[in-house]
Each structure stands twice: as structure tokens, then as C-alpha cells.
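Visitor: I would like to go through this model with you, one element at a time. Could you guide me as we look?

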Amino acid sequence: ETKVIKSEKIPQDLMEIIYGAILGDGYLHLQTDNFHRLSLCHSDKQLDYIKYKMNKLSIIFRQSEPNKFIDNRLKEINGQIILETIQYHAHSISHPYLTNIYGLCYRNKKQYINRRFLNLMSITSLLIWYLDDGSTSYKGRSASLCTNAYSLSEVKAIKKWIWQKFNITTTIRIKNIKYPIIYLSVSETKKLFSLFEHSQIFKELPKCMLYKFKIKPYK
């Protein structure tokens, strides 16, 4: 069955979700068959979200439930010392289409942003990326996209792409000298959330992710 799946094309609407997941909380791993698999990781508060992704991408995710992982290492979250955190992991089968993507967004085993990969993304891709790495401030009126894992030149490319593809203006703020993050004004955040409504998956998102919008964007 797995061999058959690997020989088949992953539909475009599912690829759009995969693109966003890769830039978000997903990552690609090389397997022994020389193809890559997609791995997802989310906190216990986002359990329904990782299940949602697995269900949407069931063509490559064959496990019925995500794996539970308990991290007992001390860590600080929002100024509080946390003794234990729970995460959920899920791993797809390896697939040639994922290996093709790997060559576009990884360099020397490290993820990087380039315009060729960004041009593959749709509003659904951006929505998934935002759900994974986005947040709001100013009582939910202003959105930001956590891009501090990328270089300033890469983040500038993202900023330009968002403007050219979606006509949304963003700004880049740099924390601690080397951590560029993309911010949207209140008006541009409204435009972004309005665009998200045009995604085919927007109205079926799990309720656990609505906090990403603070002001509820739909009924």
C-alpha cells in the first residue's frame, strides 16, 4: 500500500498545506529509502490541530493518532518555570514529492527561504504558516509572524513576497540584533484575516486555534 502511495501524486490542495507546515512547525527527514518524510510537532493545547493536519494529509499520514512525548527538562515560558511539558509528534511516510520540496527549502540540512519556494505557496499555505508561527498583540488587533530562524535577507524576501502576492504591507523588527520578525499593522492584519477567509480550509479549523486571531474572525 505504501509503495502505491509513493507512486501517486499528492494533490495540489494538500501540497499547499504541506508548504505552510514546512515553514511552520513541520520539518523534513531523510529516510532509508532516500526519500523524505514530514514530521509535525505541537503542544498539548494544539492536540486537535495536529490531528486535523494528519486527517487532511491522511494520504501520507498513516498513523491514527499522534505520539505523545513528555519533556521533563526545566524550561521558562512567559517568565514561569515549567517542570513538564507535553508535546505530540506525528510522522508521515516518505514520499518523492517531499524530497522534491526538500531541495527547494533546505541547504546544508538547514531550512532556508527563497523566492522559488515562496511562489509555490497559496493563501492556505500562509494560513497554516501563521497558525504554526503567528501570534497577535494589541488585544488581537495586530499580527506577527515569527521569522527569527531566518536571516535578515530571507525575511526581506518574505516581506516582498507578501506584498507582491497578497498586497499586504509588513514591517521588520529586529530583536537582540539578529532576530528579525515580521509585523503587521492593525489595518494590514484585518486585510490578512479577511484573505484567510478565502482559504478552503478556513471554516473547518479546530476551535483550539482560534486564539491565534483573538478577535473571532468567523462565526
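Visitor: At about what angle to β2 does helix α3 run?

Guide: This is a predicted model, and in it helix α3 covers residues 47–56. The helix lies across two strands, β2 and β6, and its direction relative to β2 is about 155°.

Visitor: Which strands stand at the edges of the open sheet with the order β1-β2-β6-β3?

Guide: This open sheet has four strands, and its pairing is antiparallel. An edge strand has a single partner, so one side of it is left without a neighbour in the sheet. Neighbouring strands are turned by 30° against each other on average, direction ignored. The strands at the edges are β1 and β3.

Visitor: Which residue of β6 stands opposite S43?

Guide: Strand β2, residues 36–43, and strand β6, residues 85–91, are paired in the antiparallel sense through five bridges. Strand β6 is also joined by five bridges to β3, residues 67–71, again antiparallel, and there I70 stands opposite I86. In the pairing with β2, the residue of β6 opposite S43 is Q87.

Visitor: Which residue in the hairpin of β1 and β2 takes a positive phi?

Guide: Strand β1, residues 26–30, runs antiparallel to β2 and is joined to it by five bridges, with H29 standing opposite R37. The hairpin has five residues between the strands, and the residue with a positive phi, near 70°, is N34.

Visitor: By how many degrees are neighbouring strands turned against each other on average in the sheet β9-β10-β12-β11?

Guide: This open sheet is formed by four strands with antiparallel pairing. Strands β9 (134–137) and β11 (171–175) each have a single partner strand, so one side of each is left without a neighbour in the sheet. Within the sheet, β10 (residues 142–145) is joined to β12 (residues 179–183) by two bridges, and S144 has Y183 as its bridge partner. Direction ignored, the average turn between neighbouring strands is 35°.

Visitor: Is T170 buried or exposed?

Guide: T170 is found in the loop between α7 (152–166) and β11. Leaving aside neighbours within four places in sequence, T170 is in contact with K159, I162, I182, Y183 and L184. Its relative accessibility is 3%, and a residue under 20% counts as buried, so T170 is buried.

Visitor: Which residue caps the N-terminal end of α6?

Guide: Helix α6, residues 123–133, is mostly covered, with 11 of its 11 residues buried, including W129, D132 and D133. At its N-terminal end, a side-chain oxygen lies 3.2 Å from the backbone nitrogen of T124, and the capping residue that supplies this oxygen is S122.

Visitor: Which helix gives the largest share of the largest nonpolar core?

Guide: The core has 58 residues, of which I18, L38, I101 and F196 touch the most other members. Not counting residues up to four places away in sequence, F196 touches I123, L126, L127, Y130, F202 and F213. The largest share of the core, eight residues, comes from residues 12–23, helix α2.

Visitor: Over which residues is the pLDDT below 50?

Guide: The mean pLDDT of the protein chain is 89, and 90% of its residues reach 70 or more. Where pLDDT is low, the predicted coordinates should not be read in detail. One stretch has 10 contacts in the model beyond near neighbours in sequence, yet its pLDDT is below 50, and this stretch is residues 215–219.

Methods. Residues numbered from 1 in each chain as written. Predicted model: local features only at pLDDT ≥ 70, side-chain atom pairs only at ≥ 80, totals over all residues. Heavy atoms only, no water. Pairing = 2+ DSSP bridges. Axes fitted to C-alpha atoms, helices over the stretch in contact; angles between N-to-C directions. Buried < 20%, exposed > 50% of the residue type's maximum accessible area, 1.4 Å probe, protein only. Polar contact = N/O pair within 3.5 Å; in protein donor to acceptor, adjacent residues only side chain to side chain. pLDDT = per-residue confidence, 0-100. Contact = heavy atoms within 4.5 Å. Core = buried A, V, L, I, M, F, W, Y, C linked by side-chain atoms within 4.5 Å.
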